[in-house]
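Please open the structure in your viewer and keep the sequence at hand. The tour proceeds by selection, with a description at each stop.

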Amino acid sequence: MNNQTAADAAHSTTPLESSVRWSDLKLNFDGMIPVIVQDADNDEVLMLAYMNEEAYKKTLELGMMTYWSRSRDELWTKGLTSGHVQYVRSIAMDCDNDTLLAKVTQVGAACHTGNRSCFYREIVTV
């Protein structure tokens, strides 16, 4: 069994329940909310993506992070084509209800470039 299959087998994709409704969230002008994604085990920031209501409901239904791809203009369950899935461990909202923080178990790379995190290029270091 390869690592991806072992990791997949260790996670359930049973539906999740949220304590807030989609209507409780404050959305951008385009009906979406930004989602900061962190590794649940080490708090590494992996990526930033966006959800619309359909993506939010699909995430809860699958237990896997699902976003709205602004570049492709379509629903996108992370990893369905690459195998680099994100299993939901928790989702929190910020104090203004306008940003979500998802903690995930990341299988493989989070970034489309193949890097573990999308934030691999430092531009300021002190």
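The stops below begin with the whole chain and then turn to individual residues.

**The whole protein**

Please note at the outset that this is a predicted model. Display the complete chain as a cartoon and follow it from the N terminus: the protein has 2 helices and 6 strands, arranged along the sequence in the pattern α-β-β-α-β-β-β-β. Of its 126 residues, 37% count as buried. Among contacts with a separation of 6 or more, 46% are made by residues 24 or more positions apart. Switching to a surface display shows an accessible surface of about 7700 Å², and carbon and sulfur atoms account for 50% of that area.

**Lys 78**

Next, select Lys 78, in the loop that joins strand 4 (74-77) to strand 5 (86-93). How far away is the nearest side chain of opposite charge? That side chain belongs to Asp 39 and is 13 Å away; Lys 78 is buried and has no salt bridge. As a salt bridge requires a Lys or Arg side-chain nitrogen within 4 Å of a carboxyl oxygen of Asp or Glu, the 13 Å separation from Asp 39 is consistent with the absence of one at Lys 78.

Now add Ala 110 to the selection. A polar atom of the Lys 78 side chain lies 2.7 Å from the backbone oxygen of Ala 110. To see the wider surroundings, extend the selection to the contacts of Lys 78 beyond its neighbours within four places in sequence; these include Met 47, Met 64, Met 65, Tyr 67 and His 84. Ala 109 and Ala 110 are also among them.

**Asp 73 and Asn 97**

Move to Asp 73, in the loop between strand 3 (66-69) and strand 4. Its phi is near 55°, a positive value in a residue other than glycine. Asp 73 counts as exposed because its relative accessibility is 56%, where exposed means over 50%.

Then select Asn 97, in the loop between strand 5 and strand 6. Here, too, a residue other than glycine has a positive phi, near 65°. As background to both stops, most residues other than glycine have a negative phi.

**The nonpolar patch**

Finally, return to the surface display and select Ile 36, Val 45, Leu 48 and Phe 119, which make a nonpolar surface patch of about 350 Å². Where does Phe 119 lie in the chain? Phe 119 is in the segment after strand 6 (100-106). With a relative accessibility of 55%, Phe 119 therefore counts as exposed.

How values were computed:
Residues are numbered from 1 along each chain as its sequence is written. This is a predicted model: local features need pLDDT of at least 70, side-chain atom pairs count only at pLDDT 80 or more; totals for chains, interfaces and linings use all residues. Side-chain values use heavy atoms; hydrogens and water are left out. Patches are made of residues with over 30% relative accessible area and no salt bridge: like charges are joined within 9 Å, nonpolar side chains (Val, Leu, Ile, Met, Phe, Trp, Tyr) within 5 Å. Accessible areas come from the Shrake-Rupley method with a 1.4 Å probe; for residues, only the protein chains shown count as cover. Helices (H or I, at least four residues) and strands (E, at least two) are DSSP runs, numbered from the N terminus. Buried means under 20% relative accessible area, exposed over 50%, partly exposed in between (1.4 Å probe, protein chains only). Lys and Arg count as positive and Asp and Glu as negative; His and the chain ends are not counted. A polar contact is a pair of N or O atoms within 3.5 Å; within protein, one must be able to donate a hydrogen and the other to accept it, and residues adjacent in sequence count only if both atoms are side-chain atoms. Contact means heavy atoms within 4.5 Å.
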